[in-house]
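Me: Please take a close look at a single part of the structure shown here. I am new to it and would be grateful for one connected account, with each term explained where it comes up.

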Amino acid sequence: MLALASCGQSGEPMQANDPGIGHIHGLGVDPADGALYLAGHYGLFKVTSVETAQRVAGRVQDHMGFTVIGPKTFLASGHPGEATADTPPHLRNGGTDFTVVYRPALG
């Protein structure tokens with residue numbers, strides 16, 4: 001699985017502008033359902049089988065740090081993707097909702 005994921009494959013047809021997974025920054029298991037999540041250079045993915053990982057919530061963000069802190073609750077650090085200003089945050093509901101915990105001042 002990791003060899004497949006590290007090549008940027010998602011197991012599903014990707015949109016033309018989807019960059020895939022990129023390289024992997026972190027892995028975590030959700031205690032709510034035992035699902036494996038991987039935080040990649042281009043987003044958060046839920047591993048659904050040995051050959052398949054699905055992008056969570058359609059966001060492209062560089063999750064440079066990632067940890068599971070409780071059921072369906074994750075923390076991530078990093079920076080937004082090219083098409084978004086959202087900072088990788090405190091992720092809830094299995095990564096589908098989020099709250100920005102800290103955003104550095106730019107300037």
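Reply: The side chains of T52 and S49 are joined by a polar contact of 3.1 Å; such a contact is a pair of N or O atoms within 3.5 Å, where, within protein, one must be able to donate a hydrogen and the other to accept it, and residues adjacent in sequence count only if both atoms are side-chain atoms. The model is predicted, with local features needing pLDDT of at least 70 and side-chain atom pairs counting only at pLDDT 80 or more, while totals for chains, interfaces and linings use all residues. Residues are numbered from 1 along each chain as its sequence is written, and side-chain values use heavy atoms, with hydrogens and water left out.

T52 belongs to strand β4, the part to be examined here. Helices (H or I, at least four residues) and strands (E, at least two) are DSSP runs, numbered from the N terminus. The protein contains 1 helix and 8 strands, in the order α-β-β-β-β-β-β-β-β from the N terminus on. Strand β4 covers residues 52–55.

T52 has a relative accessible area of 18% and is therefore buried; buried means under 20% relative accessible area, exposed over 50%, and partly exposed in between (1.4 Å probe, protein chains only). Q54 also lies in strand β4, but Q54 has a relative accessibility of 34%, so it counts as partly exposed. The C-alpha atoms of Q54 and Y37 are 9.4 Å apart in space, with these positions 17 residues apart in sequence numbering.

R55 is in β4 as well, and with a relative accessible area of 19% it is buried. Two backbone oxygens face polar atoms of the R55 side chain: that of G20 at 3.2 Å and that of R59 at 3.1 Å. Beyond its neighbours within four places in sequence, R55 is in contact (heavy atoms within 4.5 Å) with D18, P19, G20, Y42, G43, L44, F45 and V60.

With one of these residues, D18, the side chain of R55 forms a salt bridge of 2.6 Å, N to O; the term denotes a side-chain nitrogen of Lys or Arg within 4 Å of a carboxyl oxygen of Asp or Glu. This pair links distant parts of the chain, since R55 is in strand β4 and D18 is in the loop between α1 (2–6) and β1 (24–29), 37 residues apart. Side chains of opposite charge can pair when their charged atoms come close.

The structure holds 4 salt bridges, and others involve K72. D30 forms one with K72, the closest N and O atoms being 3.8 Å apart. D30 is in the loop between β1 and β2 and K72 in the loop between β5 and β6, so this pair ties together parts that are 42 residues apart in sequence. D30 is buried, at 0% relative accessible area, whereas K72 is partly exposed at 29%. The side chains of D33 and K72 also meet in a salt bridge, at 3.1 Å, N to O. D33, in the loop between β1 and β2, is 39 residues from K72 in sequence, and D33 counts as partly exposed at 41%. A network of salt bridges links D30, D33, K46 and K72.

K72 is in the turn of a hairpin formed by β5 and β6, with 2 residues between these strands, and K72 has a positive phi of about 60 degrees. The two strands run antiparallel, with 8 bridges joining β5 (residues 61–70) to β6; strands pair if DSSP finds at least two bridges between them. Within this pairing, F66 stands opposite A76 in β6.

F66 and A76 are also members of the largest nonpolar core, which has 8 residues in all and includes A35, Y37, L44 and V56. A nonpolar core is a set of buried Ala, Val, Leu, Ile, Met, Phe, Trp, Tyr and Cys residues joined through side-chain atoms within 4.5 Å. Strands β2 (36–40) and β6 (73–80) are the elements giving two or more residues to this core. A second, separate core of 5 residues includes I21, L38, V47 and A53. In soluble globular proteins, nonpolar side chains tend to be buried together.

For the protein as a whole, buried residues make up 37% of the 107 residues.
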